[in-house]
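Biologist: I am new to this structure and should like to be guided through it. May we proceed by question and answer?

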Amino acid sequence: MLRVAFLSFLSTLGGILFWDRLLPSTQSWFPIEESFNVQAMHDILYHRQHIDRYDHCEFPGVVPRTFVGAIILSILASPVVAAMQLFDAAKICSLLIVRLVLGCLVLSALRFFRIKVRRKFGFHVEAFFAMLTALQFHLLFYSTRPLPNILAFILVNLAYGFWFEDNATSTLKCLTVATVIFRCDTVLLFVPIAVELLLSKSISLLQAIKCCLSTAVLCIGFTLLVDSIFWQRILWPELEVFWFNSILNRSSEWGTHAFYWYFTSALPRSLLVAYPLSLELRFIICSVPIFNVSAAVASNRVYNNRRKNVWRLLFLMLLGSLLVSLGCSAIMFLASYDNYPGGHAMKALHQMGYSRHLPSKTVHIDSFTAMNGVSRFSEEYSWRYSKEEGIALEEYRDKNFTFLLNSELPFVDGYKCLFAVNGFSRAHLQKGFPPFSLLKEPKVFVHGNMRYKDIFHEILFLTKEHRWMQMNC
């Protein structure tokens with residue numbers, strides 16, 4: 001176990017250094033990756049074989065991403081989506097279904113890992129593992145977001161489970177699939193686990209090479225076949241991602257975090273109470289579930305010795321920490337509700353009933369709005385949408401857009417601000433109860449073209465909620 005601890009610690013430290021240099025700021029990168037998969041699932045479900053209508057043909061993004069995850073989720077969700085189409089359900093319901101499918105897959109993988117934790121460490125450790133996981137907002141929040149990290153996360157949890165039951169072949173297969181298809185940087189987790197399996201003689205070097213190579217060849221062939229069809233050129237997406245991030249080192253153009261950010265922000269926000277407890281580890285791997293296992297082992301030790309004097313104090317601190325984690329998760333939940341102002345703006349615009357007055361409605365959506373809640377799932381059939389980029393401020397007047405959704409332009413020549421949608425800004429400490437407040441600020445502005453007088457006639461019939469949003473303009 002000490003050997004595993006040493007190797008895993010080196011993996012964690014090396015991974016943080018590597019990601020800090022190569023991977024962009026999560027605030028700019030994650031919405032792009034999520035947006036791609038959301039649009040891909042919509043297009044697979046609604047455009048099917050008509051690839052020329054797919055969103056990525058017009059907006060390919062910085063680097064290509066694989067369609068494999070989107071295809072799997074779409075296939076699993078397709079029976080329910082097809083049934084809803086028979087009843088003319090709104091497309092936004094289909095988004096809920098595909099995200100529900102993804103959440104079920106993530107929770108199933110976590111359940112598989114939890115069972116292996118119980119068999120290795122016992123029922124009490126399993127209970128603490130489940131409790132710590134349930135109290136961590138970010139883990140559950142991201143579990144339904146179709147990011148490459150989350151798709152790889154499913155396979156990584158399966159790998160952990162197989163690792164705990166000493167099934168070396170299945171462990172390496174899961175990590176190989178995750179690395180080759182979904183996240184190339186999973187190799188930083190792959191290497192120390194593979195080394196541990198070799199040092200513990202769970203598998204021979206020749207067997208490991210055969211297992212990894214055969215799985216990698218199959219995965220490369222599969223992703224080449226699938227993604228070359230959808231991208232309409234010979235393509236292995238994760239190879240291009242690796243080349244862009246590691247060889248060209250161009251991901252820094254999208255912003256990076258300082259080295260200490262992982263210890264002072266990312267890990268504390270993700271792990272909450274498990275963060276200090278996990279420092280008692282015997283083994284450390286750069287992943288939340290493994291941190292949670294180690295924290296659960298520490299919690300179990302505190303629980304078993306709770307009747308002793310010193311341990312009694314630690315047990316009370318543990319209970320208090322769990323309550324603090326619950327409170328932090330509740331605060332993050334409230335803040336996260338306002339993290340998709342683009343989606344709220346689109347919904348409010350559709351609900352204002354412009355279809356009664358305007359035969360043609362064209363909405364321009366800027367990049368921030370598109371990455372913060374707006375997707376093809378939120379579109380309505382009688383409207384037209386544009387995500388044209390590179391439009392100068394003075395050029396909007398000459399465009400024939402009926403509405404504008406943007407994040408940086410409260411005033412646009414030729415347009416009038418109809419309303420603005422607030423988004424979460426920051427938490428503010430204050431005296432009294434509660435000791436904090438969540439501050440918001442206008443994030444997305446909705447403008448109407450002044451050529452269309454019927455737009456402003458509709459403002460006379462705004463709901464109370466819409467009138468409140470109009471005051472932000």
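Biologist: In what order do the five strands of the open sheet stand?

Modeller: The model is a predicted one. Its open sheet has mixed pairing. Strand S2 (384–386) and strand S4 (415–429) each have a single partner strand, so they stand at the edges, with one side of each left without a neighbour in the sheet. Read from one edge to the other, the order is S2-S1-S3-S5-S4.

Biologist: In which sense do S1 and S2 pair, and which residue of S2 is the bridge partner of His364?

Modeller: Strand S1 (residues 362–365) and S2 pair over three bridges, in the parallel sense. One bridge joins Val363 to Tyr385 of S2. For His364, the bridge partner in S2 is Ser386.

Biologist: Which residue of S3 is the bridge partner of Ile365?

Modeller: S1 also pairs with S3, again over three bridges and in the parallel sense. The side chains of a regular strand alternate between the two faces of the sheet. In S1, Thr362 and His364 point one way, Val363 and Ile365 point the other way, and all are buried. The bridge partner of Ile365 in S3 is Leu405.

Biologist: Which helix lies across S1, S2, S3, S4 and S5, and at what angle does it run to S4?

Modeller: The helix in question is H17 (residues 341–351). H17 is mostly covered, with eight of its 11 residues buried; among them are Met346, Leu349 and His350. The angle of H17 to S4 is about 145°.

Biologist: How many residues apart in sequence are the parts that Asp338 and Lys440 tie together?

Modeller: Asp338 and Lys440 form a salt bridge, in which the closest N and O atoms are 3.3 Å apart. Asp338 is buried, with a relative accessible area of 12%, whereas Lys440 is partly exposed at 45%. Because Asp338 lies in the loop between helix H16 (309–336) and H17, and Lys440 in strand S5, the pair ties together parts whose separation in sequence is 102 residues.

Biologist: What is the distance between the closest N and O atoms of Asp55 and Arg376?

Modeller: Asp55 is buried, with a relative accessible area of 7%, and Arg376 is buried as well, at 13%. Asp55 and Arg376 form a salt bridge, and their closest N and O atoms are separated by 3.6 Å.

Biologist: Is Arg114, the salt-bridge partner of Glu126, buried or partly exposed?

Modeller: Glu126 forms a salt bridge with Arg114, the closest N and O atoms being 2.3 Å apart. Glu126 is buried, with a relative accessible area of 8%. Residues count as buried under 20%. Arg114 has a relative accessible area of 23%, so Arg114 is partly exposed.

Biologist: What distance separates the C-alpha atoms of Phe113 and Gly161?

Modeller: Phe113 is found in helix H5 (residues 91–121) and is buried, with a relative accessible area of 0%. Residues that Phe113 touches include Phe129, Tyr160, Gly161 and Pro289. Although Phe113 and Gly161 are 48 residues apart along the chain, their C-alpha atoms are separated by 4.6 Å.

Biologist: What is the area of the nonpolar surface patch that includes Trp243?

Modeller: Trp243 is found in helix H12 (residues 237–247). With a relative accessible area of 48%, Trp243 is partly exposed. Together with Leu239, Phe242, Ile247 and Leu248, Trp243 makes a nonpolar surface patch of about 480 Å².

Terms used
Residues are numbered from 1 along each chain as its sequence is written. This is a predicted model: local features need pLDDT of at least 70, side-chain atom pairs count only at pLDDT 80 or more; totals for chains, interfaces and linings use all residues. Side-chain values use heavy atoms; hydrogens and water are left out. Two strands pair if DSSP finds at least two bridges between them. Helices (H or I, at least four residues) and strands (E, at least two) are DSSP runs, numbered from the N terminus. Contact means heavy atoms within 4.5 Å. Axes are lines fitted to C-alpha atoms, for helices over the stretch in contact, and angles run from 0 to 180 degrees between N-to-C directions. Patches are made of residues with over 30% relative accessible area and no salt bridge: like charges are joined within 9 Å, nonpolar side chains (Val, Leu, Ile, Met, Phe, Trp, Tyr) within 5 Å. Accessible areas come from the Shrake-Rupley method with a 1.4 Å probe; for residues, only the protein chains shown count as cover. A salt bridge is a side-chain nitrogen of Lys or Arg within 4 Å of a carboxyl oxygen of Asp or Glu. Buried means under 20% relative accessible area, exposed over 50%, partly exposed in between (1.4 Å probe, protein chains only). Lists of a residue's contacts leave out its neighbours within four places in sequence.
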